[in-house]
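Open your viewer and get ready to click along. This tour goes stop by stop, telling you what to select and what you will find there.

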Amino acid sequence: MKLISVVTLFLFLMSFNYSKNIEFEIKGQSENKRYGYSKKEPIRVGGGSSAGYHFLFIQHLRGPNGEKLEVKRIGSCGNYNNPDPLLTKFDKGILTCFSINCNAFKKPRVLYFDKYRNGDLFIPLDLKWKN
């Protein structure tokens, strides 16, 4: 059983390392206050079953004044019926949540990511993008 865990961890790390060169095509600042902050409007970073795109995306985000965010992975936070079996072998697509915080926020916020489906990428309201 431990061998499976080690192999899974190795594959995850390799996937993350190989995807470091990805460049996100950001369409601009979102005008939609729910974009990224709602299960119904997650940030669709795509990548199919490739791990790491949501981690890479969140590393570029900064607070409203350019400050580094305090980020904590909450974990899986909902799912949807998988419309395309090429995206993932699972029957359900899974959303992943992160808590983000910085001095400019009154309280932490939750960002929702869909790592399976692609979509136009925007910077969520009250955040900035750092290349």
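Which residues do ring pairs link into a cluster? Select Phe24, Phe55, Phe57, Phe98, Phe113 and Trp129, and you have the cluster on screen. Keep in mind as you look around that this is a predicted model.

**Stop 1: the whole chain**

Before going further into the rings, switch to a cartoon view. The protein chain shows two helices and eight strands. Followed from the N terminus, the order of elements is α-β-β-α-β-β-β-β-β-β. Of the chain's 131 residues, 39% count as buried. If you draw a surface, about 8,500 Å² of the protein chain is exposed, and carbon and sulfur atoms supply 52% of that. For a contact map, take residues at least 6 apart in sequence: 68% of the contacts between them join residues at least 24 apart.

**Stop 2: a pair of rings**

Now back to the aromatic residues. The count of aromatic pairs comes to seven. For a close look at one of them, select phenylalanine 98 and phenylalanine 113: their ring centres are 5.6 Å apart and their planes stand at 90°, so this pair is edge-to-face. Phenylalanine 98 belongs to strand β5 and phenylalanine 113 to strand β6, so to speak two distant parts of the chain, 15 residues apart, linked by the pair. Colour by accessibility and check both: phenylalanine 98 has a relative accessible area of 2%, and is therefore buried. Phenylalanine 113 is buried as well, with a value of 0%.

**Stop 3: the nonpolar core**

Where does the largest nonpolar core have its most contacts? Select Ile43, Val45, Phe57, Leu61, Leu111, Phe113 and Leu127, which have the most contacts inside this core of 20 residues. Next, colour α2 (53-59), β5 (92-101), β6 (109-114) and β7 (121-123), the elements that each give two or more residues to the core. Helix α2 gives the most, with four residues. There is also a second, separate core of six residues, and Cys77, Tyr80, Tyr112 and Tyr116 are among them.

Stay with valine 45 and show what surrounds it. Beyond its neighbours within four places in sequence, valine 45 is in contact with Phe24, Tyr53, His54, Phe57, Phe113, Asp114, Lys115, Arg117, Asn118 and Leu121. Two residues from that list, His54 and Leu121, make the next stops.

**Stop 4: histidine 54**

Select histidine 54, which is found in helix α2. Is this histidine buried or exposed? Histidine 54 has a relative accessible area of 3%, which means that it is buried. With neighbours within four places in sequence left aside, its contacts are Val45, Thr96, Phe98, Phe113 and Lys115. Both rings of the edge-to-face pair, Phe98 and Phe113, are therefore on view again here.

**Stop 5: leucine 121**

Move on to leucine 121 in strand β7. Leucine 121 is buried, with a relative accessible area of 8%. Draw a distance between its C-alpha atom and that of lysine 27: the two are 94 residues apart along the chain, yet the atoms are separated by 5.8 Å. Apart from neighbours within four places in sequence, leucine 121 is in contact with Phe24, Glu25, Ile26, Lys27, Gly28, Tyr35, Ile43, Arg44, Val45 and Phe57.

**Stop 6: the disulfide**

How many disulfides does the structure hold? There is one, so select cysteine 77 and cysteine 97, whose sulfur atoms are 1.8 Å apart. The pair links distant parts of the chain, with cysteine 77 in strand β4 (residues 70-81) and cysteine 97 in strand β5, 20 residues apart. The angle about the S-S bond is 105°, and the link is right-handed. Cysteine 77 and cysteine 97 are both buried.

**Stop 7: arginines over rings**

Show the side chains of two arginines. Arginine 117 lies over the face of tyrosine 80, at 3.7 Å from the ring centre. Arginine 109 lies over the face of phenylalanine 105, at 3.9 Å from the ring centre.

**Last stop: a loop**

Finish at aspartate 126, in the loop between β7 and β8 (128-129). Aspartate 126 is not a glycine, yet it has a positive phi of about 70°. Its relative accessible area is 42%, and aspartate 126 counts as partly exposed.

Methods
Residues numbered from 1 in each chain as written. Predicted model: local features only at pLDDT ≥ 70, side-chain atom pairs only at ≥ 80, totals over all residues. Heavy atoms only, no water. Core = buried A, V, L, I, M, F, W, Y, C linked by side-chain atoms within 4.5 Å. Buried < 20%, exposed > 50% of the residue type's maximum accessible area, 1.4 Å probe, protein only. Contact = heavy atoms within 4.5 Å. Areas by Shrake-Rupley, 256 points an atom, 1.4 Å probe, with all protein chains shown as cover. Phe/Tyr/Trp six-rings, centres within 6.5 Å; stacked < 30°, edge-to-face > 60°. Lys NZ or Arg CZ within 6 Å of the ring centre and 35° of its normal. Disulfide = S-S within 2.5 Å.
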